[in-house]
Amino acid sequence: MSERVKGVVVIGAGVVGLTTAIRIQEHGGYHVTIVAETVPGDTKSIRYTSPWAGAHHVSAAFGDLKLKQLDKETFDIMWEMSKAGSETEGLFLRVHQTDYYEVQPSQDVPFEWMPNFQLLRTDLIEGTVLAASFATITIDTPVYLPYLLARFLAKGGSVIRSSLQHISQVLEGALTASKPDALVVCAGIGARFLGGVEDKDVHPIRGQTVLIRAPWVKFGRTLNGKGEVTYIIPRRSGDVILGGTRDVDDWYPKPRPETKIEILKRSIALAPELAPPGIKNPTYEDLIPLVIEDGCGLRPGRKGGIRLERETVSGIPVIHNYGHGGYGYQSSWGSAFVALKLLDGAW
Ligand SMILES: Cc1cc2nc3c(=O)[nH]c(=O)nc-3n(C[C@H](O)[C@H](O)[C@H](O)COP(=O)(O)OP(=O)(O)OC[C@H]3O[C@@H](n4cnc5c(N)ncnc54)[C@H](O)[C@@H]3O)c2cc1C
């Protein structure tokens with residue numbers, strides 16, 4: 001006799017919750033229900049980080065071998081998904097990425113496994129001591145998140161919109177036909193407040209960005225400066241995200257006007273090619289007519305990194321997968337796979 005299909009609830013419909021739900025669902029043997037306050041397609045909000053991301057795959061796993069593995073597994077999947085002719089090619093843009101450093105990193109750069117990787121010590125931009133170049137992908141987040149949701153729903157997944165106060169509301173079966181067999185928490189920054197989790201190691205790392213329309217830009221570039229990081233992330237749609245800031249413990253929910261100008265100034269200094277073709281010696285003012293949106297999101301930082309753990313609450317396995325900081329997209333498939341292993345290990 002075949003085993004009973006187990007009911008799993010995933011809290012969260014950000015990139016982490018959706019990817020985790022898909023991994024579990026596509027493994028087989030589980031019916032997955034997502035419970036979330038916000039889902040793809042909602043108006044952007046400071047309570048929902050994923051729609052604010054760049055997003056590119058540029059590993060931040062300096063010296064962190066576990067994170068590097070998650071990033072690598074995710075890259076392999078996304079690289080395959082972005083292959084010319086594949087059904088999902090349109091969600092990504094393959095780009096030539098160059099990361100510059102004003103200070104020599106204390107650890108080796110975590111890109112040696114990326115296609116066409118090269119370390120550059122000459123022909124650098126002024127004030128930098130090192131650069132790494134490689135091929136990578138950028139993720140067109142406004143289409144990627146709805147794609148994940150559609151893939152999940154098409155395979156029979158359910159979504160319940162609810163703002164939970166405590167995980168017991170799920171564990172006691174208040175939202176589903178019966179008590180779930182397992183719960184997976186992918187609540188992002190919400191893990192700090194969600195009753196039954198209330199992880200005070202989770203904190204905001206605020207990131208402000210400017211979205212411009214510049215379809216002529218097809219390269220990725222980052223300047224890791226002494227103080228701030230400036231990045232240029234072109235999307236397949238022709239929109240380009242310019243950033244950024246990394247404001248630790250800053251909950252301010254709106255873009256600051258002075259920061260917008262500062263980002264535009266840093267961006268044009270790093271990449272004069274952002275200005276419409278034909279403009280000589282462009283300044284930040286040449287970018288202003290291209291601006292679509294300025295925004296900010298709260299990266300779910302966590303002291304100790306991503307929480308990937310299983311515990312038992314009221315006799316039910318609870319798997320945690322949150323705290324992805326500034327790398328939730330690029331580690332999403334890898335961390336979802338670990339969450340699935342933790343779930344499978346519960347029986
Ligand atoms: C400016 C910026 C640039 C970034 N760039 C990149 C990048 O280039 N590459 C990259 O990999 N990452 C990037 N990130 C980081 C990335 O966006 C995050 O790591 C990722 O979005 C976190 O996803 P998540 O699913 O954990 O959280 P979220 O997207 O916030 O989703 C959390 C989900 O949990 C739900 N939830 C929370 N609490 C409750 C509750 N009590 N009841 C019900 N539902 C609840 C929410 O409604 C939501 O559905 C960037 C972030 C920012 C802000």
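This briefing describes the ligand site, the internal spaces and selected local features of the structure above. The model is predicted. In it, 37 residues surround the ligand, and the protein covers 97% of the 1,000 Å² of accessible area that the ligand has on its own. Apart from the ligand site, the points treated here are one cavity of 30 Å³ or more, the second largest pocket, with about 340 Å³ of space, and several residues with notable backbone geometry or contacts.

**Ligand site**

- Among the 37 residues around the ligand, the closest are T38, S50, L164, G325 and Q330.
- S50 places a polar side-chain atom 2.5 Å from an oxygen atom of the ligand.
- L164 approaches through its backbone: an N or O atom of its main chain lies 2.8 Å from a nitrogen atom of the ligand.
- V15 also takes part through a backbone N or O atom, which lies 3.4 Å from a ligand oxygen atom.
- Together with these contacts, the cover that the protein provides amounts to 97% of the 1,000 Å² of accessible area of the ligand on its own.
- At least two residues of the shell come from each of helix α1 (15–27) and strands β8 (202–213) and β13 (291–302).
- Of the elements, β13 gives the most to this shell, with 3 residues.
- The shell divides by class into 16 nonpolar, 19 polar and 2 charged residues.

**Largest cavity**

- The count of cavities of 30 Å³ or more comes to 1, and the largest cavity has a volume of about 50 Å³.
- Its lining is formed by K44, P51, W52, A53, T209, V210, L211, R235, I241, E293, D294 and G295.
- Strands β8 and β13 each supply at least two residues of the cavity lining; each of these two strands also supplies at least two residues of the shell around the ligand.
- By class, the residues that line the cavity are 6 nonpolar, 2 polar and 4 charged.

**Second largest pocket**

- The second largest pocket holds about 340 Å³ of space.
- This pocket is lined by 18 residues, of which D64, K66, L67, L70 and I306 are the closest to its centre.
- Helices α2 (65–81) and α6 (332–344) are the elements that give two or more residues to the pocket lining.
- The largest share comes from α2, which gives 5 residues.
- The lining of the pocket comprises 10 nonpolar, 4 polar and 4 charged residues.

**Backbone geometry**

- Most residues other than glycine have a negative phi, and most peptide bonds are trans.
- The peptide bond from G54 to A55 is cis, with omega near 0°, and A55 belongs to the loop between β2 (30–36) and α2 (65–81).
- A cis peptide bond, again with omega near 0°, leads from G243 to G244; G244 is in the loop between β11 (239–243) and β12 (247–248).
- D249, a residue other than glycine, has a positive phi, near 60°, and is located in the loop between β12 and α5 (257–270).
- N281 is likewise a residue other than glycine with a positive phi, in this case near 45°, and it lies in the loop between α5 and β13.
- N281 counts as exposed because its relative accessibility is 73%, above the cut-off of over 50%.

**Selected strand residues**

- T230 is located in strand β10 (residues 229–234).
- With a relative accessibility of 3%, T230 falls under the 20% cut-off and therefore counts as buried.
- The side chain of T230 is joined to that of R266 by a polar contact of 2.9 Å.
- S158 belongs to strand β6 (residues 158–161).
- S158 has a relative accessibility of 26% and so counts as partly exposed, the class between under 20% and over 50%.
- S158 and V143 are 15 residues apart along the chain, and their C-alpha atoms are separated by 20 Å.

Conventions: Residues numbered from 1 in each chain as written. Predicted model: local features only at pLDDT ≥ 70, side-chain atom pairs only at ≥ 80, totals over all residues. Heavy atoms only, no water. Near = heavy atom within 4 Å. Polar contact = N/O pair within 3.5 Å; in protein donor to acceptor, adjacent residues only side chain to side chain. Areas by Shrake-Rupley, 256 points an atom, 1.4 Å probe, with all protein chains shown as cover. Helix = DSSP H or I, 4+ residues; strand = E, 2+ residues; numbered from the N terminus. Nonpolar A, V, L, I, M, F, W, Y, C, P; charged D, E, K, R; others polar. 1 Å grid on protein atoms, 1.4 Å probe; cavity = no way out; pocket = protein on both sides within 12 Å on 5 of 7 lines; lining within 4 Å. Points joined across faces, edges and corners; volume = space filled by probe spheres on them. Buried < 20%, exposed > 50% of the residue type's maximum accessible area, 1.4 Å probe, protein only.
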